[in-house]
Amino acid sequence: LYSNLSKRVDLSGVNLIVSACLPLHPVKPNIMWQHLNTDEGAVQGLNDAEYVRGLDAIEFVSDWQRQKYLRVFNLPTEKCHVIRNAIEPIPPHTKPTGKIRLIYTSTPWRGLDRLIAAYRQLNRDDVELVVYSGTKIYGQAFHDQSGSQFQPLYDALKTLPNCTHYDFASNAEVRQALTEAHILAYPNTWEETSCLSAMEALSAGCKVVTTRNGALPETCGDWADYAELNDFVAALNAAIANY
């Protein structure tokens with residue numbers, strides 16, 4: 001996040017604090033760019049009134065996130081602003097013909113188990129599934145500590161017909177895969193503060209089928225199909241029929 005922003009904005013005059021409550025700078029303006037939810041351990045420093053007083057501004061990626069932070073941490077409203085998120089647009093392209101390709105491009109704990117169950121219920125020969133999901137993207141230490149708990153999900157993916165799973169891929173590879181997919185199937189069970197996966201899928205011309213968790217409606221607006229988890233299979237079937 002910091003490296004991408006620094007390519008576009010001169011940050012030399014500020015102390016940009018990305019999400020975690022890192023030390024304040026004694027001279028430079030301290031600006032927090034907050035991406036996490038309120039329950040993350042890295043943000044609990046916002047319970048410290050002195051630390052909050054040292055912040056000149058807190059920038060949020062959605063209004064949903066800002067409102068939740070105001071409730072949970074009782075922050076001064078005049079310091080809290082919404083600047084939203086952004087991606088590099090995906091150039092126009094032609095989608096492949098043949099089978100409708102569903103794609104999932106998020107972490108395994110954000111709804112991959114629900115997608116596996118939904119895909120089994122679809123039971124369609126005219127549909128295939130590509131999954132980009134793993135823990136290696138968060139570094140080797142995180143993968144070594146937490147990766148094994150999701151192995152049953154990866155094993156389940158191997159049993160699904162017409163399904164391909166990639167544990168790790170670069171953002172460039174995922175963006176290319178989105179140009180070859182038709183529907184982002186995202187039965188989200190996680191409170192999203194914003195959703196870059198959905199933004200990239202929409203930019204790539206994919207239909208997005210997801211839930212209303214967190215800031216997903218704010219992220220996707222009227223360009224997504226929303227469904228309750230219990231109705232997700234029906235929503236997928238409708239999206240496939242209307243693609």
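This is a short selection-by-selection tour of the structure above.

Before you click anything: this is a predicted model, where local features need pLDDT of at least 70, side-chain atom pairs count only at pLDDT 80 or more, and totals for chains, interfaces and linings use all residues. Residues are numbered from 1 along each chain as its sequence is written, and side-chain values use heavy atoms, with hydrogens and water left out.

**Stop 1: the core**

Select Leu-102, Ile-103, Leu-112, Leu-129, Leu-178, Ile-183 and Leu-236. These have the most contacts inside the largest nonpolar core, which has 49 residues. A core here is a set of buried Ala, Val, Leu, Ile, Met, Phe, Trp, Tyr and Cys residues joined through side-chain atoms within 4.5 Å. Buried means under 20% relative accessible area, exposed is over 50%, and partly exposed is in between (1.4 Å probe, protein chains only).

Now centre on Leu-102. Leaving out residues up to four places away in sequence, its contacts (heavy atoms within 4.5 Å) include Tyr-119, Leu-122, Val-127, Leu-129, Ile-183 and Leu-236. A second, separate core of 14 residues has Ile-17, Val-43, Leu-46 and Leu-75 among its members.

**Stop 2: helix H10**

Show residues 232–242, which are helix H10. Helices (H or I, at least four residues) and strands (E, at least two) are DSSP runs, numbered from the N terminus. Which residues of H10 are buried? Colour Phe-232, Val-233, Ala-235, Leu-236, Ala-239 and Ile-240. They span an arc of only 160° around the axis, so they sit on the same side of H10; that arc is taken over the directions from the helix axis to the C-beta atoms. Spin to the face turned away from the buried side and you'll find exposed Ala-234, Ala-241 and Asn-242. On the buried side, H10 packs against S5, helix H4 (112–122), S6, strand S8 (183–186), strand S9 (207–210) and strand S10 (224–226).

**Stop 3: salt bridges**

Next, pick Arg-101 and Glu-128, whose side chains meet in a salt bridge at 2.8 Å, N to O. The rule is a side-chain nitrogen of Lys or Arg within 4 Å of a carboxyl oxygen of Asp or Glu, and by it the count comes to ten. Arg-101 lies in strand S5 (residues 100–104) and Glu-128 in strand S6, so the pair ties together parts that are 27 residues apart in sequence. Add Glu-180 to the selection: Arg-101, Glu-128 and Glu-180 are linked in a network of salt bridges. Arg-101 itself is partly exposed, at 22% relative accessibility.

Hop over to helix H6 (residues 151–158), where Asp-155 and Lys-158 are three residues apart, about one helical turn. Their side chains form a salt bridge of 3.9 Å, N to O. Asp-155 is partly exposed at 35%, while Lys-158 is exposed at 66%.

**Stop 4: the loop between S6 and H5**

Is Ser-133 buried or exposed? This loop residue, between S6 and H5, is buried, with a relative accessible area of 2%. Beyond the four places on either side in sequence, Ser-133 touches Tyr-104, Ser-106, Thr-107, Pro-108, Leu-112, Tyr-154, His-165, Tyr-166 and Asp-167.

Stay in that loop, between strand S6 (127–132) and helix H5 (140–146), and select Tyr-138. Tyr-138 is partly exposed, at 45%. Switch on the surface and add Ile-137 and Phe-168: with Tyr-138 they form a nonpolar patch with about 340 Å² of accessible area together.

Conventions:
Patch = residues over 30% accessible without salt bridge, like charges linked within 9 Å, V, L, I, M, F, W, Y side chains within 5 Å. Areas by Shrake-Rupley, 256 points an atom, 1.4 Å probe, with all protein chains shown as cover.
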